[in-house]
Structure formats: structure tokens, C-alpha cells
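Colleague: Could you take me through one part of this model slowly, with attention to its charged side chains and its backbone? I would like a connected account rather than a list.

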Amino acid sequence: MAELRILYLEDNRQDVVIAQTKLEEEGYACHLTHVETEADFVKALDQGGFDVILADYNLPSFDGLSALAIAREKTPDLPFIFLSGVMGEEVAIETLRNGATDYVLKDRLSRLVPAIRRAMEEAEEHLERRRAERALEKLSRQNELILNSASEGIIGLDLNGNHTFVNSAAAQMLGYRVRDLIGKHSHAIWHHSKRDGSPYPEAECPIYSVCKHGIIRRMKNEVFWKKNGTSFPVAYTCTPILEGGNLIGAVVTFTVITKRKRENEEEESRRQLQHLAELLEERTDELARSKTDMQQFAYATSHDLREPLCVIAGFINLLKKRYKGRFDAKADEFFDLTTDGVKRMQEMIKDLSAYSKAGMKGINLKPVDFSLALDKAVLNLKTAIEESGAIITHDQLPTVMADGSQITRLFQNLMENAIKFHGKEALRVHISAERKDNEWVFSIGDNGIGIEPDAKERIFLVFKRLHEAGKYPGTGMGLAICRRIVEQHGGRIWVESELQKGSTFYFTIPYKEGSV
């Protein structure tokens, strides 16, 4: 028999016996701790070791909601199920809002075992998710400590040569604070000139070539430039960073070279730098695996939630057809609220799955005609465009090395966002593109309601909405998915907007061989 450790808050001993008997009939060996007062309840929680809490709602000296509040404070992950003889629908809903896992009426004990089983499964899923999150956080902290403890300068770069990471030693040698370098272009700051002071073109820069072509470069006799305008001799290794076989950036490890060091320590420095670059590769791979595991967990979780939600939706619709209008107006309102809630949850799960897929799936770079990708997105939104009366126009768009399906999804989400937040005037959306240096900059402008200035960053976060759920449709995931797609291509996304005057979303795609 499966063992089950239960803390049962109940003033009627006969009900305790009945519940225990029911559980044992269903194949559980119950180790049941029965308490009747607040003091005994708190003492039992402090001792711990329980799988689930059962509690009556009404007790002579202690009420169920107070017990729920204490349990959520002391043991937030422990399933808490109300097992009560009298509990109206509004009261039941209130207990769920306050953190109860479920509720079961005493005259319907057949629901007790399924409720306990489901509650324990959910608790285990939550625990596994937190374990994965803690492991990822610990690994990130360890990586940062290792990198900042190194005496060599270590710098991480994106595909455009911008700083993504700078350790303390590198910032100190260059004469900057770390925060002053993040996001800035490396070549323009500390590798812009040769030893004699003559310009160092990007096309000849070994570091920049690693970001573009993914080939390891080792240099012994170059100089880096400090903030104060002076230079110092360096030996450095620039190594490409790969994720899922795709080039996503580069890491530069460097050390200062004096004449004495050049004569006596060059070989030792090379070995140390090489060892550190193995170590970094291992840490990067481990971090990438942890990220992939988290994405797969989120995808699997969202996938497994669909089936029970479909069952719930089916039964709610059945109840509506069979009983709507046969009770009071309040009951009909409950039917509608429940249906709307299930639909919102289904939309959230769908978008969460799409967000996870966007991170799990590597990009397949091929020449993509962005005009055709846009046409596909317009076709997918045909009904929404016709119903809103939106007018979609675009300039001639280039052919760029990208993932075609993801670019279509990107255009579709951005246009759908414009349609959703249109103003009183007829909606107009215009798409254009411009080549700037080594990247394409695309814009999607509209004449909608606009965005408040302090919300321009927040809108790209997961499940972040600027309006009440009932005012505009959606789950707040669309723009988060857009950001993930753009970042996978090595680009950036941002918005410029003014309230009641429309918004323009911009995103960049790096220029690569094969673009037109």
C-alpha cells in the first residue's frame, strides 16, 4: 500500500475515522495526525513530515481560513485541501483564491482520493521546477565568481562586437567600470588603433573576424587602448561561443605583456589561458544545457496542462447547455466567468508553449525574402485585418539570412499587436527596412493608442500586460516571443511611441553573406 502522511484539522473524531477508512479502502496506508486546536496545528506543522493537509472549514475555536494562512506561511508547498460538510460555492472560491489546493465536501468523499493525488502531483511538479531554477541560479553565480576571480582579462562579445560581459580584471586594465562597457562596441573603445597609432579597420580586426566567422584567433603582439588614451601590450585569445551549433558571440581572454614576461612567461601564460578557455567552454555548455532543460520543462508542463483544461472546458460547456437559465442569474454569471477563465488559461498555455519552442528550436539560417515572409503573416491575419479595417502597407523589403518561419511569426505578432491596440481612427500599419552598417533595421509603425514611456521595456517581458485582462484580448506573451526570436538571430528589438499618436517597433537582423 502507498504510504500517506496526513495532518487533519477536524473537531469531529467520527469524521476523521470516516476519511481514514475511505483512504485505506483506496489503497493508502495512512499515518494520520489529528489536531483540533490552533496550538496543536502550529506545533504539528513545525514538526513537519506531512504529504498533505486536510482541514474542516468551521471549527469551534479556530477557522479554516486562518489555518490556511498559517500553513501557507510555514509550508507554502504543502497541499492544503478543505474537507468540509458545509461550504457554499462563493466560500469555496474564496478558499481557492487564498491558496487552498482544492476542496471536497464530506458527503462526496469519492472525490477525496483523486483530489489528494492531483494535489501531490502538482506539488511535485512545483518542487522540480524550483530545483531546476535553483540549480541554474547556482551555476550562474559560480560562473560569475570564477570569471571575476581570474587575474586575466575576460570579455564576452555578441555577434556585433558589443560587450555582453566584462570581468573585474579586464575593466581595471582598460581603466573603465564594468557598467560603462556593457553594451558598448569593443573595437571602438579598446582595439581601434594599431601599435603605431594608425587606424585598425574592422575588416582587419582578428577579434571582429571571430564574431563574424567563428574561427579561433590567438595574437601575441598587439595593443589595447585605455580610457585615458594610453595603450598597453597584450597577448590574447579570441574564441567563438556556440549554442546548439550556432555562433552567438565570442570570448576574449587577455593578459598584459612586458619584455620580461614576453621572454620568461609567454608559454606559461598560453597554457593558463588555454586551460581557462576549456573551463569556460565547459561552463558555457553546462549553462546552455541547463537553459535547454528549463525550456523543455516549460514546454512539457504547458503541453501536459492542455488535456485537463480541455476536460474542464468540455464539462463547463455541458453544464451551461444543460442548466443555464434554470438557476438564478448569479449561477449563469459563474458559468460565464468559469468559461472565460478556462479560455484565458488555454491561451496562456498556448503562448507559453510558443515561447518555449522559440527558445528550444535552433534557427535555420537561409536567404529569406522578407516581403514574402510578411505576405504570409498578412495571410495568417486575414480575418483580423478585414474585421478591423486595417490598411497594411510596406516598402520593398530585403532578402536576409534568417529563419523564414520565425520571421513570419515575428511580423504576425507585431501586426497583431497593432490591430489589438488600434485607436479611433482607421488603423494604418507600415513596414519598412534600412541597411545601417552591418545590420538591417526593420520598422513596423502604426497610428494606434501608443504606449506610456515607462512601459517601453516592460512590454517585452513574459506575461506583462499594460491593461486589464478584460479590456484587450491576449496573454501578454506576444512581444516576449518577438524578443526571443530577434535575440536568437543576434539582433535587438525596441519601441518608440507616444500616447494617442501610435507606436513604431524596431528590430535588427545582422547582415551576413547571402543577404541582399
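**A close look at K501 and its surroundings**

Modeller: In this predicted model, K501 is exposed, with a relative accessible area of 61%. Its side chain meets that of E498 in a salt bridge, with a distance of 3.5 Å from N to O, and E498 is partly exposed, at a relative accessible area of 45%. Q500 lies in the loop between β16 (493-498) and β17 (502-510), and this residue has a positive phi of about 65° although it is not a glycine. That is worth a remark because most residues other than glycine have a negative phi. Q500 is also exposed, with a relative accessible area of 63%.

A similar question of backbone arises at D437, which sits in the loop between β14 (428-436) and β15 (439-446). Here phi is near 55°, a positive value in a residue other than glycine, and D437 counts as exposed at 70% relative accessibility.

To set the K501 and E498 pair in context, a search of the whole structure finds 14 salt bridges. One of them joins R13 and E36, whose closest N and O atoms are 3.5 Å apart; this pair links distant parts of the chain, with R13 in helix α1 (residues 13-25) and E36 in the loop between β2 (28-35) and α2 (38-47), 23 residues apart. R13 counts as exposed at 57% relative accessibility, whereas E36, at 28%, counts as partly exposed.

Conventions:
Residues are numbered from 1 along each chain as its sequence is written. This is a predicted model: local features need pLDDT of at least 70, side-chain atom pairs count only at pLDDT 80 or more; totals for chains, interfaces and linings use all residues. Side-chain values use heavy atoms; hydrogens and water are left out. Helices (H or I, at least four residues) and strands (E, at least two) are DSSP runs, numbered from the N terminus. Buried means under 20% relative accessible area, exposed over 50%, partly exposed in between (1.4 Å probe, protein chains only). A salt bridge is a side-chain nitrogen of Lys or Arg within 4 Å of a carboxyl oxygen of Asp or Glu.
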